[in-house]
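Here is a guided walk through a protein model, written for someone who would rather look at the fold than read tables. Keep the viewer open as you go.

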Amino acid sequence: MMYVTVQVTPFAQNCSLVWCSETMKGAAVDPGGDLDRITRTAEAKGVTIEKILLTHGHIDHAGEAGILAKSLGVPIEGPHRDDKPWLDQMTDQARMFGVTFGKRFTPDRWLEDGDTVTFGTIVLSVLHCPGHSAGHVVFFEPSSRVALVGDVLFQGSIGRTDFPGGDHATLIRSIRERLLPLGDDVTFISGHGPNSTFGTERRSNPYL
């Protein structure tokens with residue numbers, strides 16, 4: 001699996017473009033906004049976006065996912081159904097954060113722990129990792145040892161838990177029981193900031 005990160009929205013959110021090098025078919029993960037930047041990157045890489053994947057329903061990650069899906073004619077998969085209230089209240093989120101983007105939509109497929117999602121020849125495992133939000137999911141590609149963790153874990157930090165549906169103890173449990181067992185060698189792409197590895201965070205992250 002190949003990937004590149006595109007920073008979008010005023011929140012400096014990492015939208016990941018991931019693709020199969022054999023077929024050049026891929027997915028846009030968390031296209032919160034700045035859609036022209038995302039589509040230009042896909043064109044430059046020669047990637048055909050065939051679906052949109054969402055880790056959770058916060059506006060910086062999902063605000064314009066419905067618009068992109070409609071323009072490309074592709075489905076949206078994720079997050080877990082427990083984040084439906086966030087997606088239903090997208091315009092309320094826009095007011096809350098003082099931004100002008102964000103439009104309500106319903107995914108074509110809600111994801112559950114243990115599901116898989118595919119594009120090209122790539123198969124991603126889905127892990128339900130609540131704590132930052134109730135319906136947060138993580139995508140893991142075992143062959144390339146890459147995880148897309150959204151706002152669960154960051155380099156040197158963890159996701160905030162003060163939004164509705166957040167819970168600190170639940171978040172720590174998700175990291176310790178769902179993510180770290182995947183292996184110290186796994187590189188993870190966060191929703192904000194630089195990449196890291198689970199091993200580095202297990203050894204040095206002060207929250208763990």
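The notes below take the sheet, the helices on it, the cores, the aromatic rings and some backbone details in turn.

## The sheet

This is a predicted model. A good place to begin is the open sheet of 5 strands, ordered β1-β2-β3-β4-β5, in which the pairing is mixed. The edge positions belong to β1 and β5; each has a single partner strand, so one side of each is left without a neighbour in the sheet.

Walking across the sheet, you meet β1 and β2 as an antiparallel pair with 7 bridges. Here Tyr3 stands opposite Val18 of β2. Further along, strand β3 (residues 25-29) runs parallel to strand β4 (residues 48-53), and 5 bridges join them. One position to find in this pair is Val29, whose bridge partner in β4 is Leu53. Strand β5 (residues 76-77) then pairs with β4 over 2 bridges, again in the parallel sense. Ile52 has Ile76 as its bridge partner in β5.

As background for looking at any of these strands, side chains in a regular strand alternate between the two faces of the sheet.

## Helices on the sheet

How do you get from β3 to β4? Helix α1 (residues 35-45) belongs to the connection: β3, α1 and β4 make a β-α-β unit, and the unit is right-handed. Helix α1 also packs on the sheet, where it touches β1, β2, β3 and β4. Its direction makes about 155° with that of β1.

Helix α3 packs on the sheet as well, touching β3, β4 and β5. The angle between the directions of α3 and β4 is about 145°.

## Two nonpolar cores

In soluble globular proteins, nonpolar side chains tend to be buried together. In this model the largest nonpolar core has 27 residues, and Ile38, Ile52, Leu54, Ile76 and Phe105 are those with the most contacts inside it. At least two residues of this core come from each of β1, β2, α1, β4, α2 (59-62), α3 (65-72) and α5. Ile52 and Ile76 may look familiar, as they are also the bridge partners from β4 and β5.

Leu54 is a handy residue to click on. Leaving aside residues up to four places away in sequence, Leu54 touches a list of residues that includes Asp30, Pro31, His61, Ala65, Ile76, Phe105, Val137 and Phe139. Apart from the largest core lies another, of 19 residues; among them are Ile175, Leu182, Phe188 and Leu208.

## A cluster of rings

How many aromatic pairs does the structure hold? There are 4. In one of these pairs, Trp86 and Phe163 have ring centres 6.1 Å apart and planes at 75°, so the pair is edge-to-face. Trp86 sits in helix α4 (residues 84-88) and Phe163 in the loop between β11 (157-158) and α6 (168-179), so this pair ties together parts that are 77 residues apart in sequence. Are these two residues buried or exposed? Trp86 counts as buried at 10% relative accessibility, and Phe163 counts as buried at 15%.

Phe163 also forms an edge-to-face pair with Phe97, at 6.0 Å centre to centre and with 90° between the planes. This pair links distant parts of the chain too, since Phe97 is in helix α5 (residues 90-97), 66 residues from Phe163. Phe97 is partly exposed, with a relative accessible area of 30%. Ring pairs link Phe11, Trp86, Phe97 and Phe163 into a cluster.

## Backbone details

Most residues other than glycine have a negative phi, and most peptide bonds are trans. Against that background, a few places deserve a look. Gly78 and Pro79 are joined by a cis peptide bond, with omega about 0°. Pro79 lies in the loop between β5 and α4, and both Gly78 and Pro79 are among the residues that Leu54 touches.

Which residues that are not glycine have a positive phi? Ala12 is one of them, with a phi of about 50°. Ala12 is placed in the loop between β1 (2-8) and β2 (13-19), and is partly exposed at a relative accessible area of 29%. Arg145 is another, with a phi of about 60°. Its loop runs between β8 (137-141) and β9 (146-150), and at 24% relative accessibility Arg145 counts as partly exposed.

Definitions and conventions: Residues are numbered from 1 along each chain as its sequence is written. This is a predicted model: local features need pLDDT of at least 70, side-chain atom pairs count only at pLDDT 80 or more; totals for chains, interfaces and linings use all residues. Side-chain values use heavy atoms; hydrogens and water are left out. Two strands pair if DSSP finds at least two bridges between them. Helices (H or I, at least four residues) and strands (E, at least two) are DSSP runs, numbered from the N terminus. A crossover is right-handed if, with the strands pointing away from the viewer, the path from the first strand over the helix to the second runs clockwise. Rings of Phe, Tyr and Trp (its six-membered ring) pair if their centres lie within 6.5 Å; planes under 30 degrees apart count as stacked, over 60 as edge-to-face and the rest as tilted. Buried means under 20% relative accessible area, exposed over 50%, partly exposed in between (1.4 Å probe, protein chains only). A nonpolar core is a set of buried Ala, Val, Leu, Ile, Met, Phe, Trp, Tyr and Cys residues joined through side-chain atoms within 4.5 Å. Contact means heavy atoms within 4.5 Å. Axes are lines fitted to C-alpha atoms, for helices over the stretch in contact, and angles run from 0 to 180 degrees between N-to-C directions.
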